[in-house]
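Here is a short set of exercises to work through with the model open in your viewer. Try each task yourself before you read its solution.

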Amino acid sequence: MPDNTDFYCPLYNQGLYIEKLTQTEAQVSMCCYQTPSEKLYSDVDFINNDYLSSVRKTYANGQAPVECNACWRLEKLNYQSYRQGAILSQTVHQQSMHSTTVLTNLLYNCENVCNLKCIICGPRYSSLWKDDYKKLGYPIRDRTESKTKTKHNNIFSKLDFSKLENIHFQGGEPFLTTDHKKILQKARNDGSIGNLIVSYNTNGTMLPDQETIELWKQVKLVKIYFSIDSVGDSFNYVRFPADWKQVENNIVNGFFKITDINIVFSIGPTVNITNVFYIGDVINWVEKNIAYNLQGDSTEIYINPVGDVGYGGQVLNLKNLSHELQQRALEYLDKFQYHKAIPPIMNSLSFVSQNPDNWIDYLNQIDQIRSTNWQKALCQLSQHIV
Ligand code: SF4
């Protein structure tokens with residue numbers, strides 16, 4: 001038996017990620033970090049799916065699957081990878097059946113319907129981005145175009161949810177869709193709803209409706225991860241056209257006032273060039289306003305490194321910061337080193353800059369089409385540009 005414990009992941013046998021692409025088809029993988037299947041599926045057979053089976057085979061042969069390179073890269077930079085998070089949150093029951101192929105963890109990419117066009121995103125994950133992408137002259141994949149018409153895609157309907165223990169929803173903005181409710185209703189029909197830990201990535205602009213609240217009352221635990229990259233004017237710029245005051249009010253006076261459900265909240269900034277000089281503001285805001293969850297646990301901050309989710313995600317990667325700006329960022333972050341979210345960001349700031357000017361061109365172009373002003377909105381960054 002090959003020794004493959006170093007790259008063991010609970011999701012090889014128990015995870016499924018579904019990203020809907022068309023009216024009837026989806027890409028699959030074991031999580032949202034794994035390279036998705038090229039092939040599209042209209043029916044997902046979790047046990048026999050050829051893509052999932054081939055990753056499982058690689059692991060069984062003692063090799064680290066290349067499809068999981070995103071995790072290996074993060075671990076080299078000392079970030080907590082998705083794999084490491086999955087190991088930490090694995091239940092005893094899941095551990096005991098780690099070698100059995102059974103669906104316990106579902107990650108579901110809801111409609112890409114979104115009310116924001118965040119600076120790091122693109123039309124693959126936000127319907128609102130499409131027109132701006134066209135104006136900027138970036139190519140839009142055909143598949144992405146058709147994603148706006150996926151309302152009636154019930155690709156999950158034939159899956160067996162009876163052993164499900166975790167469901168994570170992302171989007172788009174999941175609370176703008178009905179996908180998450182349909183999936184929770186199916187879990188109820190398949191008998192697993194009472195065992196579920198249900199989590200969401202949300203941009204904080206929407207509150208859950210009453211139907212969602214009623215479904216949440218039936219699950220074991222709800223976890224909400226707010227995508228808060230910054231606060232105030234800089235938040236309004238990077239999460240355009242969100243209004244920080246409204247989002248802040250939703251979080252503090254809406255979500256944090258839900259008392260009749262077992263629910264925990266975390267903050268998940270996606271670190272990139274536009275907010276690396278604002279991460280301390282996020283830490284301060286959390287400590288001042290929502291330091292503790294209702295159960296008395298500290299509100300966690302989980303840093304996500306920006307991914308290639310659109311052109312913005314590529315050019316705003318920290319690896320495009322000039323050497324001088326990296327030094328300024330290190331000096332800034334040094335003041336917040338006491339927080340465990342900060343050292344991994346500092347560790348990642350030690351590379352030879354690849355395209356030090358592309359991100360400035362990108363922000364200038366964005367400003368032209370949105371009538372915004374990045375130098376004013378992001379003055380903690382622009383003050384370092386001479
Ligand atoms: S990408 Fe990471 S978390 Fe996902 S299946 Fe691979 S090792 Fe596990």
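**Exercise 1. Find the element that holds L106 in this predicted model, and decide whether L106 is buried or exposed.**

Start with the location: L106 lies in strand β3. Next, count its neighbours. There are 24 other C-beta atoms within 10 Å of L106. The cut-off for a buried residue is 20 or more, so L106 is buried. Now look at what L106 touches, leaving out residues up to four places away in sequence: the contacts are L16, L164 and I167. To finish, pick T177 in your viewer. L106 and T177 are 71 residues apart in sequence, and their C-alpha atoms are 17 Å apart in space.

**Exercise 2. Work out which elements of domain 1 touch domain 2, and which of them gives the most residues.**

First set the bounds: the protein chain is divided into domain 1 (7-109) and domain 2 (112-309). Over C-alpha atoms, the centres of domain 1 and domain 2 are separated by 21 Å. Then list the contacts, where 24 residues of domain 1 meet 23 residues of domain 2. On the domain 1 side, β1 (15-20) and β3 (105-109) each supply at least two residues. Of the elements on that side, β3 gives the most, with 5 residues. Finally, sort the domain 1 side by class: 13 residues are nonpolar, 9 are polar and 2 are charged.

**Exercise 3. Describe the shell of residues around the ligand.**

Begin with the count: 14 residues surround the ligand, and the closest are C9, C31, C68, C71 and R83. Two elements give two or more residues to this shell, namely α3 (69-76) and α4 (82-88). The element that gives the most is α4, with 3 residues. Then divide the shell by class, which yields 10 nonpolar residues, 3 polar and 1 charged.

**Exercise 4. Place C121 and V92, and decide for each whether it is buried or exposed.**

Take C121 to begin with. C121 sits in the loop between β3 and α6 (130-136). It has 28 other C-beta atoms within 10 Å, so C121 is buried. Setting aside residues up to four places away in sequence, C121 touches S126, W129, V309, G310, G312 and G313. As a distance check, C121 and K76 are 45 residues apart in sequence and 25 Å apart in space, C-alpha to C-alpha.

Now turn to V92, which is in helix α5 (residues 92-96). V92 has 6 C-beta neighbours inside 10 Å, and therefore counts as exposed. For its distance check, use P10: V92 and P10 are 82 residues apart in sequence and 12 Å apart in space, C-alpha to C-alpha.

**Exercise 5. Find which side of α16 is buried, and say what covers its buried residues.**

Measure the helix to start: α16 (residues 358-370) has 13 residues and reaches 18 Å from its first C-alpha to its last, close to the 18 Å expected at 1.5 Å a residue. Its buried residues are W359, Y362 and L363. These cover an arc of only 95 degrees around the axis, so they are on the same side of α16. On the face turned away from that buried side are the exposed residues D361, N364 and Q368. What covers the buried residues of α16 includes α13 (311-315) and α17 (374-377).

**Exercise 6. Which backbone angles stand out at S371, G172 and P241?**

Recall the usual case first: most residues other than glycine have a negative phi, and most peptide bonds are trans.

- S371 follows α16 and is in the loop between α16 and α17. Its phi is near 55 degrees, a positive value in a residue other than glycine. S371 is exposed, because it has 6 other C-beta atoms within 10 Å.
- G172 is in the loop between β4 (166-170) and α8 (179-190). The peptide bond from G171 to G172 is cis, with omega near 15 degrees.
- P241 is in the loop between α10 (232-238) and α11 (244-254). The peptide bond from F240 to P241 is cis, with omega near -5 degrees.

Notes: Residues numbered from 1 in each chain as written. Predicted model: local features only at pLDDT ≥ 70, side-chain atom pairs only at ≥ 80, totals over all residues. Helix = DSSP H or I, 4+ residues; strand = E, 2+ residues; numbered from the N terminus. Expected span 1.5 Å × (residues − 1). Buried ≥ 20, exposed ≤ 12 C-beta atoms within 10 Å, placed from the backbone. Arc of directions from axis to C-beta. Contact = placed C-beta atoms within 7 Å. Domains from an automatic or database assignment. Nonpolar A, V, L, I, M, F, W, Y, C, P; charged D, E, K, R; others polar. Near = placed C-beta within 6 Å.
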